[in-house]
Amino acid sequence: MIGVWIVMIIGFSIARPDTFATWGNVTTIASSQAVLVIVTLALLFPLAASEFDLSISGTLGLALVLVGWLNVVHEWAILPTIAVALAAGLIVGAVNAFFVVVIDVESIVVTLGTGTFLGGLALAINQTSIGGVSEDLVNAVQHPLLGIPALFYYGLALTLICWYVFSCTPFGRYLYFVGANRNVARLAGVRVARMRILVFLLSGFLSALAGVVLAGSLGAADPTISNSYLLPAFAAAFLGSSVIVPGRFNPIGSLIAVYFLVTGITGLELLGLSGWIEQIFYGTSLVLAVAISRLASRRRAS
Amino acid sequence: MVLSARKMSKQFGPRKVLRDVDLDLRGGEVHGLLGQNGSGKSTLVKILAGYHAPEPGAELEIGGQAVDLPLSAGDAVEHGLAVVHQDLALAPSLSILENLRIGRYQTKAGWRIPWRDEARRARAALSSFGLDVSPYKSVEDLREVERAIVAIVRALEQLEGVDEGALILDEPTAYLPRDGVEHLFAAIHEVTGRGFGVLLVTHRLEEVTALADRVTVLRNGARVATAEVSGLDEDGLVELIVGRALEELFPPAHHPESEVVLEVEDLQGSDLTAPFSLQVRRSEIVGLTGLVGTGYERALYMMAGAERASAGKLRLGGATHDAARLDPRRALAAGLALLPANRLVNGGAGEATLTENVTLPTLPSFVSKTRLQKAKERRATHALLRDFSVEPPNPDLPLASLSGGNQQKALMAKWFSTGPQALLMHEPTQGVDVGARRQLFRRIRDLAEEGTPVVMASAEYGELAQMCDRVFVFRDGRVVSVLSGNDLTEDRIVQQCLLDRGSAAA
């Protein structure tokens, strides 16, 4: 995939040297996708444990709207605002975990429901886009470092932290076994239920964090924007599982996949294919990514 | 010849798993295909079933007709070759009839399925194989052996219209309780009686001597011999399979001491109709057995906290535990290790590496602060794999890439490494070849010699008779007899398992 990525970059650079191969384009790509990186990391925890979380984009949207509503409309200070937004993410995670782990409903059903609910809730809190989010947050997120806005580095740092958790801690190993074979994990003394609850709390929290970062990056809170993060996150997570540690969901692979996908989309858009290409590209990538990782694991098995 | 295969070879990467194997199957014969795990048996069967493509140069004739290779699964059936896989591939929630007819309904006027006619035909087919059950019964309500027969009937139905077909049975008895096996044997004779050839892949030598006319033995991917069974006994077969006379399969007997180490008191729970109590002494090996579903396996899992008991006490190493509150985590902390049956379902994660599988219960001992010490973990696993003669002893391989016997050895290493104060095992030799079986027995006996009490739940009556000091026989959810000393023989166990069966069922 990294090879294809390089070919893609070179190809687009030759085709559109004046727009694609510019520093401006690189910084745009790097920073605009940091939020997607964080949402994808959020999604990795439930996916690694063989659970789905379709409410990540709803949680992101809720946190985003809460930041705008509390900070701008109700004139709260920015720190308590962020605390409330993150707490909201944890609450969503707890609700998901309650239905999935305690009541034993399939996670895909529960989170489809909660995700849709949250989309409605965000609109109920505020129907229109709110501008004028705290300068402090905007600066913290957009302040350029080496010419690239700070949020790119946040995504990068969080990826490294998650990588450490996934591959260097017992938590990561248990997480993998809960996903690979729950029964084996249980018989070896792993607290499977606790792990499953934790992954939903983590995905709720990180999705909300992504919403806070997005609020700073936009300087505004738009209740309708969050849906555009769901499918790309899934596409990146699955595509990412075919590199670095093939066959397993892994943070660094996901980071690469996010930028791989956006490179393709940006390039195609600069070639003159307009907005619809994004959905087509992400949709195709998701199915192909899963198909490729299946084929890869089948080859290893034989 | 109903099937004649020539020069079957298969290579996975640099590994040659099958070399120029020839196989002839005559009409009306049962032909045993034998070999240790990893000898190439499964690969050969998979080529014949159309899952693997053989290397170029292979030739295959079915029913006297040359067949193009590689086969696809559908092709094989068209040419008169059907396969019954170990897992039987039946849909448990559907009826027998639906299972028999999957994919090949005979429709009238193009679309309506004439269920009544179908049922009549199915009933006739089943009863000719000694199975008098309603075709509307769902498969999950059948006993294991009945399911196996349904799978055979279905395979034969697929070959309808073929006169001289071949049927491959891939370890049909691996998961069967012993008491039903004669039914299956009768069904197999019915198949050969119709002129079909049956290729029987199995680990059970007593089945081969009882049932097969000829055998083909594979070793390291090559054919060692094809011989008439009448001139061979089980020892002769073992010698062909492992390539040398095997030392005694079972280690010499030993003598347990008198001190009670593990004690179960009034264990109650689902499938147990009476409280179960058990005292295991230092160095003692105790067997739990019975027909499948009589509760002996449940009792074992409850002792390890893997299934919830409703009441009971468990004492080990001076501590008393409430069985109703036991879970695998607490059981492990208390010093109990459970080696469950069904390796890749309960034992380990197939796609995880050997290291990851082996160190899972002992992972906290490889952590410094928050960090996993992977090099240390890998070294420890490597040493364990060598110690348990796992082949290949490469800690980075996925568990599923090993042969069954080696997987089982690796999983035994996993549980031995927890330093258990008592070892519980369920079907420890399931799908394991003779060579590995001997090593497993040796390890179990050694652990017991060091003082650890061992409880093994199994339906391998012969093994229990050889390995155990005492055997508890279960019937209808409770212990009906405890055999030991001169009473502890395979025949006695079988007798105790089956006794009163008619009245108990009524």
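This briefing walks through the interface of chains A and B, the aromatic pairs and one buried arginine. Please keep in mind that the model is predicted. Chain A and chain B bury about 2,300 Å² between them, and three salt bridges are counted across that contact. Elsewhere, a search of the whole structure gives 10 aromatic pairs over all chains, and Arg470(B) is worth a visit for its polar contacts with Gln279(B) and Glu284(B).

**The interface between chain A and chain B**

- Chain A brings 22 residues to the contact, and chain B brings 32 residues.
- Of the roughly 2,300 Å² buried between the two chains, carbon and sulfur atoms account for 56%.
- If you want three residues to look at on the chain A side, pick Arg173(A), Phe177(A) and Leu187(A): together they supply 27% of the area that chain A buries against chain B, more than any other three residues.
- Arg173(A) also takes part in a salt bridge, with Glu356(B) as its partner and 3.8 Å between the closest N and O atoms.
- That salt bridge belongs to a count of three between chain A and chain B, and the interface also holds 10 residue pairs in polar contact.
- On chain A, the elements that give two or more residues to the side touching chain B are helix H8 (150-168), helix H9 (170-180) and helix H10 (182-187).
- H9(A) gives the largest share of that side, with six residues.
- By residue type, the side of chain A that touches chain B divides into 12 nonpolar, six polar and four charged residues.

**Helix H9 of chain A**

- H9(A) is mostly covered, with nine of its 11 residues buried.
- Arg173(A) and Phe177(A) are among those buried residues, and both also appear in the trio that leads the area chain A buries against chain B.
- The other buried residues of H9(A) are Pro170(A), Gly172(A), Tyr174(A), Leu175(A), Tyr176(A), Val178(A) and Gly179(A).

**Aromatic pairs**

- The whole-structure search finds 10 aromatic pairs over all chains, and one of them is Phe52(A) with Phe234(A), a stacked pair with 6.0 Å centre to centre and 20° between the planes.
- Phe52(A) sits in the loop between helix H3 (34-48) and helix H4 (56-73) of chain A, while Phe234(A) is in helix H12 (residues 230-240), so the pair ties together parts that are 182 residues apart in sequence.
- The two rings differ in exposure: Phe52(A) is partly exposed at 31% relative accessible area, whereas Phe234(A) is buried at 7%.
- Over in chain B, Phe388(B) and Phe416(B) meet edge-to-face, 5.3 Å centre to centre with 90° between the planes.
- This pair links distant parts of chain B, 28 residues apart: Phe388(B) lies in the loop between helix H13 (374-387) and helix H14 (404-416), and Phe416(B) lies in helix H14.
- Both Phe388(B) and Phe416(B) are buried.
- Back in chain A, Phe152(A), Tyr153(A) and Tyr259(A) form one aromatic cluster.

**Arg470 of chain B**

- You will find Arg470(B) in strand S21 (residues 470-475) of chain B.
- Arg470(B) counts as buried because its relative accessibility is 19%, and the cut-off is under 20%.
- A polar atom of the Arg470(B) side chain lies 2.5 Å from the backbone oxygen of Gln279(B).
- The side chain of Arg470(B) also makes a polar contact with the side chain of Glu284(B), at 2.8 Å.
- Beyond its neighbours within four places in sequence, Arg470(B) is in contact with residues including Val280(B), Arg281(B), Ile285(B), Val482(B), Leu483(B) and Leu488(B).

Definitions and conventions:
Residues numbered from 1 in each chain as written. Chains lettered and ligands numbered in written order. Predicted model: local features only at pLDDT ≥ 70, side-chain atom pairs only at ≥ 80, totals over all residues. Heavy atoms only, no water. Contact = heavy atoms within 4.5 Å. Buried area = accessible area lost by both parts, 1.4 Å probe. Salt bridge = Lys/Arg side-chain N within 4 Å of Asp/Glu carboxyl O. Polar contact = N/O pair within 3.5 Å; in protein donor to acceptor, adjacent residues only side chain to side chain. Helix = DSSP H or I, 4+ residues; strand = E, 2+ residues; numbered from the N terminus. Nonpolar A, V, L, I, M, F, W, Y, C, P; charged D, E, K, R; others polar. Phe/Tyr/Trp six-rings, centres within 6.5 Å; stacked < 30°, edge-to-face > 60°. Buried < 20%, exposed > 50% of the residue type's maximum accessible area, 1.4 Å probe, protein only.
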